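Colleague: Could you pick one spot in this model and give me a close look at it? I would like to see how its surroundings connect to the rest of the fold.

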Amino acid sequence: MATAFHFTRRLILAGLAALALSVAAIIPATAHDELIKAVPAENAELATAPDQVELTFSGNLTTGQGIPNVILVRGEDDTNWAEGEAEVDGRTISVGVKENLPAGEYRVSYRVVYSDGHPEEKMYRFTVAGEQTGAAEQDTATAQPQTGQDTAEEATPEVDTEATAANDVGAGPGFGQWIAIGIGLALILGFFGWKRTQKRPSA
């Protein structure tokens, strides 16, 4: 009886260890990076046109062949005013803005791939107050895109790219982690079931 008890106890300890490791692996996997600074800022009203759009995130962005990190700057007529391809430098992605940017409202649509492989697509707006003849000083205010504003458009940002992003390896617990959790829970339930049978009086 003592041997069976010690064996069961070892199984329970092993199950608890597997459960703890699985939970520890799941928690960081659900915490993705996020945008922490946008220039121009969201909803900024600029007196002069910006010469570039620069976005800074809480973690480094993933780059490489077949991994698209894109910024588009679209006007009210849907013309894209971004000049050239976006450039990534660690946590920052930027793209130039064409000269002669007319007054009006603009949508910054971006698609980035975070360090954990998780892609994200979002959009925000800014406004240029007067007609411009070239690039000039811009609003450098820091802003976090507001939750709940332009929700429908953020769900389907207008980023035109046919490239395939990296797999979303950080979207949640993997199959192996769920197996470890299941085994740990089964061992714990089995232990309590066994304890109950030991308490029953003999016939």
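**A loop residue and the strands around it**

Modeller: Let's begin with D78, which lies in the loop between β4 and β5. Helices (H or I, at least four residues) and strands (E, at least two) are DSSP runs numbered from the N terminus. This is a predicted model, so local features need pLDDT of at least 70 and side-chain atom pairs count only at pLDDT 80 or more, while totals for chains, interfaces and linings use all residues. Residues are numbered from 1 along each chain as its sequence is written, and side-chain values use heavy atoms, with hydrogens and water left out.

D78 is not a glycine, yet its phi is positive, about 75°. Most residues other than glycine have a negative phi, and most peptide bonds are trans. With a relative accessible area of 39%, D78 counts as partly exposed; buried means under 20%, exposed over 50% and partly exposed in between, using a 1.4 Å probe and protein chains only. N100 makes a good companion: its phi is positive too, near 60°, and it is not a glycine. N100 belongs to the loop between β6 and β7 and is partly exposed at 47% relative accessibility.

Now follow the two strands that flank D78. β4 (70-74) pairs with β7 in the antiparallel sense over five bridges, where pairing requires that DSSP finds at least two bridges between two strands. Within that pairing, V73 has V108 of β7 as its bridge partner. β4 is also an edge strand, as is β2, each pairing on one side only, in an open sheet of four strands ordered β2-β8-β7-β4 with mixed pairing. At the other edge, β2 and β8 run parallel over two bridges, and E45 stands opposite T127 of β8. In the middle of the sheet, β7 and β8 are antiparallel and joined by 10 bridges, with Y110 opposite K122 in β8. The two form a hairpin with five residues between them, and G117 in the turn has a positive phi of about 90°.

On the other side of the loop, β5 (82-89) runs antiparallel to β6, joined by five bridges. E87 faces S94 of β6 in this pairing. Their hairpin has two residues between the strands, and G90 there takes a positive phi near 65°.

β4 and β5 also meet at the largest pocket, as the elements that give two or more residues to its lining. A pocket here comes from a 1 Å grid over the protein atoms alone: an open set of points where a 1.4 Å probe fits, with protein on both sides within 12 Å along at least five of seven lines, and lining residues have an atom within 4 Å of a point. The volume is about 220 Å³, taken as the space filled by probe spheres set on grid points that are joined across faces, edges and corners. Of the 13 lining residues, N69, V70, G84, E85 and A86 lie nearest the centre. β5 gives the largest share, six residues. The lining divides into eight nonpolar, three polar and two charged residues, where Ala, Val, Leu, Ile, Met, Phe, Trp, Tyr, Cys and Pro count as nonpolar, Asp, Glu, Lys and Arg as charged, and the others, Gly among them, as polar.

Both strands reach the largest nonpolar core as well. A core is a set of buried Ala, Val, Leu, Ile, Met, Phe, Trp, Tyr and Cys residues joined through side-chain atoms within 4.5 Å. This one has 27 residues, with V53, L55, F57, I71, V73, I93 and F126 making the most contacts inside it. Strands that each supply at least two of its residues include β4, β5 and β7, and β7 provides the largest share, four residues. Fittingly, nine of the 10 residues of β7 are buried. V53 touches I71, V73, I93 and V108, among others, not counting residues up to four places away in sequence; contact means heavy atoms within 4.5 Å.

V39 and P40 are on the list of V53's contacts too, and a cis peptide bond, with omega about 0°, joins these two. P40 is in the loop between β1 and β2.
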